[in-house]
Structures are given as C-alpha cells and as structure tokens.
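Trainee: Before we discuss this chain, could you lay it out for me and set the terms we shall be using?

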Amino acid sequence: TIKEQVRCTWNMMPFTLMPVLMIVQMVLISNFCWNMFCPKGGISETMSPQMIVLGKGLDFSAHCCAEFGCYVQMHEETDNTMRSRTVGAICLGPSGNNQGGHEFLSLKTGREIHRHFWDE
C-alpha cells in the first residue's frame, strides 16, 4: 500500500525531523510511483493506471533523475557579482509533467522550487 511505501521512504531518510512540505511530497511521490507500474491482476498487463487514465507513461530520463531526499545544488540567476551561483536543496521528486522537471526544497528559503537543471 501507499502507507507502507511512505513508511519505507521515511525510514530510509537520514533526517530525524522533516518539514511538512517534505512529508506531503513523500506521499505524493509514493502515489506517483504506485500509479506508474502495472499492478498484478490489474485490468491491463501492459498499461499502467496513469497511462490508462491520463495517457502519460514513465520516461526514465525525465522522471528518475534524482532520488527523493537527495542533496543537490540548484543553479540560480547569475550576474557579475561575488554572490553564490548555486543554492543547496533537497529533492522532492519529479513534477509529473512530460518536460522532466523536479521539485526541490530550497535550503535557503524553505520553499518548494521547480527546476530542470541541477548538480548532485
């Protein structure tokens, strides 16, 4: 079940406390993953529930780039000053669209940020 998957993800995290945003995204990413694969005994042997309902398939290069909870450096707007050009963030998982963006929790602001490019 999704609760079991969330419990497993929770126990794999190196953090003892997590913000509410991370917990919510953990449930959403578990639901996203649950619907991406064909269930045993489902109505289709080859099409996932998400493909049947939304017409979206899993693209490994777009949806599986960074693992939930991993630390990344996101690129920020730059100019010719001495300000930092990257900011640390925690990956919250794929955004679910076909372009392949991911959602991140910014360690600088504590807000959710959508990015297409980052460094692990």
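Mentor: On a 1 Å grid over the protein atoms alone, a pocket is an open set of points where a 1.4 Å probe fits, with protein on both sides within 12 Å along at least five of seven lines, and its lining residues have an atom within 4 Å of a point. This is a predicted model, in which local features need pLDDT of at least 70 and side-chain atom pairs count only at pLDDT 80 or more, while totals for chains, interfaces and linings use all residues. Residues are numbered from 1 along each chain as its sequence is written, and side-chain values use heavy atoms, with hydrogens and water left out.

Trainee: Which class, nonpolar, polar or charged, has six residues in the lining of the second largest pocket?

Mentor: The lining includes E76, E77, D79, R83, R85 and K108, together with T78, T81, S84, T86 and V87. Asp, Glu, Lys and Arg count as charged, Ala, Val, Leu, Ile, Met, Phe, Trp, Tyr, Cys and Pro as nonpolar, and the others, Gly among them, as polar. With one nonpolar and four polar residues, the class that has six is charged.

Trainee: Which strands are at the edges of the sheet?

Mentor: Strands are DSSP E runs of at least two residues and helices are H or I runs of at least four, numbered from the N terminus, and two strands pair if DSSP finds at least two bridges between them. The five strands form an open antiparallel sheet in the order β4-β3-β2-β1-β5. Those that pair on one side only are β4 (112–115) and β5 (118–119).

Trainee: Which residue stands opposite E103?

Mentor: Strand β3 covers residues 102–106 and pairs with β4 in the antiparallel sense over four bridges. Opposite E103, in β4, stands H114.

Trainee: Which element has the lowest mean pLDDT?

Mentor: With pLDDT being the predictor's confidence in each residue, from 0 to 100, the protein chain has a mean of 81, and 92% of its residues reach 70 or more. Where pLDDT is low, the predicted coordinates should not be read in detail. Among the elements, β3 has the highest mean, 89, and the lowest, 63, belongs to helix α4 (residues 60–63).
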